[in-house]
Each structure stands twice: as structure tokens, then as C-alpha cells.
Amino acid sequence: MGTEFRVQRSGGFRREDIEPLLRSKAFRGFDEKFKQYSFGFIGQASGHDVPEFTLWFDGPDLGITAYEMASTAWEELSSLIQGFVREDPSVRITSWDDDEDMSSYFQ
């Protein structure tokens, strides 16, 4: 299982916000079943590809599941998240489940 993050901001997030990542070489596709975008490739587990991370939308929030946090794809994601924080200092990056501050993962 990966590390799950929730990114929140007052205006919420939309697909256009992650467009730079969708143009990245690391983008592998959109999974209709799970409604998530996959980036990078680590290997296979139980016959399924394992991405470096996935992104999805949960209402206005951006969800991230990270399986590998030391790659070019992760650096691109971190840069995008840092841009959100620069534009809006109220952006919150927390653990998906318990609201623990996880902003240090994106510095």
C-alpha cells in the first residue's frame, strides 16, 4: 500500500490544475474503473502494473497515492504542489486518513 495524501485549497481542484502532469512523459493513463490518473512505473504486483503515484479527485480535494517518492515524476508532482502553495498559502497537505500535516513530502 502506498502513502496517501489529501491536498485542499479554498477553490478546490479541477482537471486543468493537473494538466502539466498530464503532458508529462511519466503520465501512463486514466483508469476508468478507479477514476484515477497513473504516473510512472515501478513494476508489477499480482499481475497489475504498479505506478509511482496516482492522482484522483474527491469532491474539491486532490488525492495522491504514492508508491515511490524518489523519481523524476515525483519531482514534477512536488513542483506542481509547491506552485499551488505559492499561489495560495492556505493550501493544506495532509494524510488522507488522519489530517496529519504531510507538507514536508513536497518541499
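A residue is buried under 20% relative accessible area, exposed over 50% and partly exposed in between (1.4 Å probe, protein chains only). The model is predicted: local features need pLDDT of at least 70 and side-chain atom pairs pLDDT 80 or more, while totals for chains, interfaces and linings use all residues. Residues are numbered from 1 along each chain as its sequence is written, and side-chain values use heavy atoms, without hydrogens or water.

Q: How exposed is Asp99, by relative accessible area?
A: Asp99 belongs to the segment after strand 8 (92-95). Its phi is positive, near 65°, although Asp99 is a residue other than glycine. The side of the cut-offs on which Asp99 falls is partly exposed, because its relative accessible area is 46%.

Q: Which loop residue that is not a glycine has a positive phi of about 55°?
A: The loop in question runs between strand 2 (27-31) and strand 3 (36-39). The residue is partly exposed, with a relative accessible area of 47%. The residue with this phi is Lys35.

Q: In what pattern do the helices and strands follow one another along the chain?
A: Helices (H or I, at least four residues) and strands (E, at least two) are DSSP runs, numbered from the N terminus. The chain has two helices and eight strands. Read along the sequence, they give β-α-β-β-β-β-β-β-α-β.

Q: What is the radius of gyration of the chain?
A: The radius is taken over C-alpha atoms, and the globule rule is 2.2 Å times the number of residues to the power 0.38. For 107 residues the rule gives 13 Å, and the chain comes close to that, so it is as compact as a globular protein of that length. The C-alpha trace spans about 40 × 30 × 25 Å along its principal axes. The radius of gyration of the chain is 13 Å.

Q: What percentage of the contacts with a separation of 6 or more joins residues 24 or more positions apart?
A: A contact means heavy atoms within 4.5 Å. Buried residues make up 47% of the 107 residues in the chain. Among contacts with a separation of 6 or more, the share from residues 24 or more positions apart is 48%.

Q: Which residue joins Arg9 in a side-chain polar contact of 2.8 Å?
A: Arg9 sits in the loop between strand 1 (3-8) and helix 1 (19-22), and it counts as buried because its relative accessible area is 17%. Beyond four places in sequence, Arg9 touches residues including Phe84, Glu87, Asp88 and Val91. A polar contact is a pair of N or O atoms within 3.5 Å; within protein, one must be able to donate a hydrogen and the other to accept it, and residues adjacent in sequence count only if both atoms are side-chain atoms. The partner of Arg9 at 2.8 Å is Asp17.

Q: What distance separates the C-alpha atoms of Val7 and Asp97?
A: Val7 lies in strand 1 and is buried, with a relative accessible area of 0%. Its contacts beyond four places in sequence include Phe13, Asp61, Leu62, Ile64 and Ile93. Val7 and Asp97 are 90 residues apart along the chain, and their C-alpha atoms are separated by 12 Å.

Q: Is Ser38 buried or exposed?
A: Ser38 lies in strand 3. Leaving aside neighbours within four places in sequence, Ser38 is in contact with Ala26, Phe27, Arg28, Gly29, Pro51, Phe53 and Thr54. Because its relative accessible area is 16%, Ser38 is buried.
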